[in-house]
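Trainee: I have a model open and want to learn to read its sheets and domains. Can you walk me through them?
Mentor: Gladly. Let us look together.

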Amino acid sequence: MLITTDGTVISRREVGDNDVFVTILTPDYGLIEVSARGAKKYTAKNGGAVQLFSAAKYCISERNGRYYLDSSEIICLFYDIRTSVEKLALASYFADVIRYSATQGQTARNIYRLYMNTLHFLANGQRSCDFLKFVFEMRMASEIGLLPELIGCADCYRYEGVRLYFDIPQGKVFCREHLKRRGGAPYADVIEISSGQLEALQFACLAQMDRLFNFRVADKALNVLCYISENYLIRHFDHRFKTLDFYNTTMGIDHTRGIYFYEDE
Ligand SMILES: [Zn+2]
């Protein structure tokens, strides 16, 4: 069987002197693990197309349940990601999240578009790393069925004229009154948000894919959103990503600045 598909390399392992084993994210087949003979050298046939983060059109043949790369045509190398430690670390984390959530044989069209668009903006530097990370984390969670409830307070539906809080473990928004009425502390991981931050969360989770990155958030507001998206993803995936720890440690990132947790008065 022959498959021709667009795809992008989300992990790469070198085998022996010449061969490369890659995991490719594709829109129609989800993840495919492909063996690329003799492609270890960049200058080899298929050498560029099996670099981490490369996107290409791949011609893959299947024999006895294994996949082999026949030929490839590069679409984009995202070269600028490889020249920055910050971008490289962040892109590695994104790839890690995808490897953890997408499965083989399932279509992954939205995840593919999300990832490609995120890499595009990461490479060209038109959006900040914090912004891309926030959008990617919230949208990724939403795409795999972990969409939070973002209409307004989950109990009274208000979103204007009230103090709002995002409850990370529950994935719900509450006004102060209803948070208080629910009693039941502990309310660690319940963060105060503005109505503008609620809108940013709604946009990241629900906007059409081609408009997804077309909004702006001020730096201070973004820090709160980054805290929420990162902790929401970790909590609901129930997984710690080493690539995330590496990114945060290397870049000295601390999103707890300016965060207001809910406290009973
Ligand atoms: Zn309420």
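Trainee: What is the strand order in the open sheet of three strands?
Mentor: General idea before the case. Strands of a sheet pair through backbone hydrogen bonds, either parallel or antiparallel. In this predicted model, the three-stranded open sheet runs S7-S6-S8, and the pairing is antiparallel.

Trainee: Which strands stand at the edges?
Mentor: Strand S7 (172-175) and strand S8 (190-193). Each has a single partner strand, so one side of each is left without a neighbour in the sheet.

Trainee: What does the twist average from one strand to the next?
Mentor: The average is 35°.

Trainee: Over how many bridges do S6 and S8 pair?
Mentor: Four, in the antiparallel sense, with S6 spanning residues 164-167. For a position to inspect, take Leu164: Ile193 in S8 stands opposite.

Trainee: Now strand S1. How many bridges join S1 to S4?
Mentor: Seven. S1 covers residues 2-15, S4 covers residues 55-63, and the two run antiparallel. To find the register, look at Thr8, whose bridge partner in S4 is Ala55.

Trainee: In what sense do S1 and S2 pair?
Mentor: Antiparallel, over seven bridges, with S2 at residues 19-26. Here, check Ser11, which stands opposite Thr23 in S2.

Trainee: How many residues lie between S1 and S2 in their hairpin?
Mentor: Three. Look at the backbone there too: Gly16 in the turn has a positive phi of about 65°.

Trainee: On to the domains. Where are the bounds of domain 1 and domain 2?
Mentor: Domain 1 takes 1-123 and domain 2 takes 127-265. Their C-alpha centres lie 30 Å apart.

Trainee: How many residues of each domain are in contact with the other?
Mentor: Count a contact when the C-beta atoms, placed from the backbone, lie within 7 Å. On that basis, 19 residues of domain 1 are in contact with 21 residues of domain 2.

Trainee: Which helices each supply at least two residues of the side of domain 1 that touches domain 2?
Mentor: Helix H2 (85-101) and helix H3 (109-124). The largest share of that side, eleven residues, comes from H2.

Trainee: How do the residues on that side of domain 1 divide into nonpolar, polar and charged?
Mentor: Eleven are nonpolar, five are polar and three are charged.

Terms used. Residues are numbered from 1 along each chain as its sequence is written. This is a predicted model: local features need pLDDT of at least 70, side-chain atom pairs count only at pLDDT 80 or more; totals for chains, interfaces and linings use all residues. Two strands pair if DSSP finds at least two bridges between them. Axes are lines fitted to C-alpha atoms, for helices over the stretch in contact, and angles run from 0 to 180 degrees between N-to-C directions. Domain bounds come from an automatic or database domain assignment. Two residues are in contact if their C-beta atoms, placed from the backbone, lie within 7 Å. Ala, Val, Leu, Ile, Met, Phe, Trp, Tyr, Cys and Pro count as nonpolar, Asp, Glu, Lys and Arg as charged, and the others, Gly among them, as polar.
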